[in-house]
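Hi,

Here's the structure I promised to pass along. Have a look first, and my notes follow below.

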Amino acid sequence: MSTRSDQGYFIDQCRETIAKSVSACLQIDFEAAYAGVDLGKKGLDFTIAIPRFRLQKKPQELAERVRTHFLDNPDPIIDQVIADGAFVHFMIRTQILLRSALDQVFEMSRPTGPFPHGRYGANDSGAGKKVVVEYSSPNIAKPFHAGHLRSTIIGTFLSNLYAANGWDVVRVNYLGDWGVQFGLLAVGFRKYGSEAKLSENAIMHLFEIYVKINADKDAESAAGQSGTLNEARTIFKAMEDGAPNALALWRRFRDLSVDAYKEVYSRLNIEFDEYIGESLVTSSNIDSAMEELRSKGLLAAKHKWESQPGRNYKMPPPTGDKGNPLKDDNPAWAVDLHKFKLDKPVVQKPDGTTIYMVRDIAGAIQRFERYQFDKMIYVVGDQQDLHCAQLFKILELMDAPFANRLEHINFGKVKGMSTRKGDVKFLEEILDMAQESMLSQMQTNVEKFNNVEDPSSASDQIGMTCVKIQDMLAKRINSYAFDPDRMTSFEGDTGAYLQYAHVRLCSVKRKVASELSLPQNSTLVDTDLLVEPKAREIAYVLACYPEVVRMAFKVSEPSTIVSYCFKLSHVISSALENLIVKGQGKQVAEARLLLFMCAKLVLASAMRLLSLNPLERM
Ligand code: ARG
């Protein structure tokens with residue numbers, strides 16, 4: 001469990017009470033005892049594992065001692081202490097749990113300052129600290145592939161999570177908007193481009209051109225020619241030298257693509273503070289980074305024969321006719337990281353044009369100058385594990401003052417995202433497909449469907465929820481198979497199920513709206529009337545939310561929050577069948593309504609953390 005916070009959460013108060021007693025009884029440090037109080041499993045509220053304190057006595061004996069200590073020094077919060085082998089379990093007094101958890105959720109979910117939904121679950125552990133989160137980062141003119149989608153979804157979540165933990169978050173999109181491919185695209189546009197198509201659908205059209213011109217280039221190269229590639233290189237060189245013509249065309253491609261991306265992002269509830277991009281890494285920053293690498297003795301020549309990527313050993317130069325080593329007068333510049341088992345990444349090509357790696361090095365320095373971040377996170381797929389490790393190592397060797405503030409948050413691949421059009425699926429296609437599927441499922445219940453204000457937007461929101469939940473369901477490093485049917489089902493742990501759980505809670509309130517409403521102040525509601533075990537279970541899950549937010553933060557895992565959402569939805573779903581609100585006596589009805597409204601508030605808040613838009617009707 002994480003360290004203490006001063007938000008005054010009930011769950012922390014419980015842990016503190018337990019820790020105080022355990023620390024007095026076993027004569028251990030309070031902080032150590034506090035860190036040892038875990039959330040319980042299987043209906044138990046809290047558990048401590050005695051062996052973790054590494055004391056000289058038998059754990060069973062100590063567990064028993066903790067139990068009797070509580071009996072001798074009772075605390076009103078603690079109802080039961082169970083010694084269970086080397087473990088001790090603690091149960092909170094039900095009435096206090098219900099009272100405190102529900103009041104706290106209700107009170108802390110009110111709008112405050114810049115937080116329209118309050119701050120229940122959030123904490124201030126990151127107060128005064130700034131994090132830059134880089135995510136999405138598609139390459140203009142190339143397809144937005146599943147890796148970019150995952151980066152977008154996970155990066156948005158992490159940004160929200162850091163904000164919920166009190167950090168000041170800067171969200172940046174590092175567009176792939178520079179490189180020889182733009183020279184290639186310019187050649188392609190001359191050959192295959194159409195102004196009309198460009199303004200109609202820039203991303204699609206640029207991609208079409210990109211595919212055609214690449215095919216031309218490959219065909220030429222198979223025939224031992226390189227006209228197209230040379231032309232592309234010349235244009236890119238002109239771009240790097242600042243030639244207005246070359247830059248004007250590039251800028252149009254970039255602007256149109258960014259506009260198109262912004263539309264899709266807004267459909268996904270995704271925002272950036274800044275669109276930066278490889279093109280914005282200044283040449284003076286690149287030059288000084290190169291100069292620093294040189295002066296620190298980090299640059300090494302890399303010869304053509306060394307150039308296989310991913311190789312982790314040095315190859316001797318091939319020999320010519322007479323057994324003499326072949327000469328290479330024009331090597332690239334690289335940083336030799338073999339010592340660290342990180343290969344030998346190239347930082348500058350023989351023709352002097354910049355490449356991905358050096359733009360990343362200079363870009364990191366530039367971002368530190370601009371943001372003075374305490375932490376910077378790169379949300380990039382695991383195919384770039386090596387690239388990121390190399391980047392971080394090079395910055396460390398350069399003594400960059402922020403080198404230890406960098407983190408690569410990686411994730412596995414999505415399998416099977418292919419269409420008739422080839423082996424890519426455009427993001428819009430995926431979203432449209434999910435929306436259509438949701439719409440047709442919603443239409444099966446005519447009565448409900450007629451009550452949905454804007455079915456097209458609702459089905460779009462649910463569809464996106466499905467895409468995102470499929471993506472964040474398991475640990476991020478796992479790859480998963482893209483499965484549209486499974487993803488959009490109402491059964492099992494899907495986005496549709498989650499939205500449905502929220503909608504059901506909203507309808508509880510709607511159904512009694514004419515006869516019942518909650519008082520402004522929840523303490524006027526008699527929570528002692530919530531005597532059913534399911535009510536207790538819900539209150540406990542709600543009380544745990546602030547801790548779950550901290551746990552997710554510790555491991556940067558969206559799945560921690562997704563699992564929490566499903567756990568909450570499952571208890572809600574079974575409670576809704578037993579704890580009826582409508583038609584009960586006023587006080588019981590009120591207490592149950594409070595319970596369900598608190599559940600709704602927390603579910604909505606967890607969903608928003610996942611960048612989902614909780615719906616009222618569907
Ligand atoms: N645009 C890159 C790609 O699609 C991802 C950028 C990752 N971020 C970085 N700083 N290198 O592969």
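Let me start with a small puzzle: which residue in β4 is the bridge partner of threonine 47? It's histidine 89. Keep in mind that this is a predicted model.

That pair belongs to a bigger pattern of strand pairing. Strand β2 (residues 46-49) is joined to strand β4 (residues 87-92) by four bridges, and the two run antiparallel. β2 also pairs with strand β1 (residues 38-39), again antiparallel, through two bridges. There, leucine 39 sits opposite phenylalanine 46 of β2. β1 and β2 make a hairpin with six residues between them, and lysine 42 in the turn has a positive phi of about 50°.

The side chains of β2 alternate: Phe46 and Ile48 point to one face and are buried, while Thr47 and Ala49 point to the other face and are not buried. That's the textbook behaviour, as side chains in a regular strand alternate between the two faces of the sheet.

Now for the helices. The axes of α19 (residues 533-555) and α21 (residues 586-609) come within 10 Å and cross at roughly 35°, and the crossing is left-handed. From α19, Ala535, Ile538, Leu542 and Tyr545 meet Leu595, Cys598, Ala599, Val602 and Ala606 of α21. The residues of this contact split into nine nonpolar, no polar and no charged.

As for the overall layout, the chain is divided into domain 1 (10-92), domain 2 (130-297 + 349-412) and domain 3 (442-609). The C-alpha centres of domain 1 and domain 2 are 52 Å apart.

Cheers

Methods: Residues numbered from 1 in each chain as written. Predicted model: local features only at pLDDT ≥ 70, side-chain atom pairs only at ≥ 80, totals over all residues. Domains from an automatic or database assignment. Buried ≥ 20, exposed ≤ 12 C-beta atoms within 10 Å, placed from the backbone. Pairing = 2+ DSSP bridges. Axes fitted to C-alpha atoms, helices over the stretch in contact; angles between N-to-C directions. Left-handed = near helix turned anticlockwise from the far one by under 90°. Contact = placed C-beta atoms within 7 Å. Nonpolar A, V, L, I, M, F, W, Y, C, P; charged D, E, K, R; others polar.
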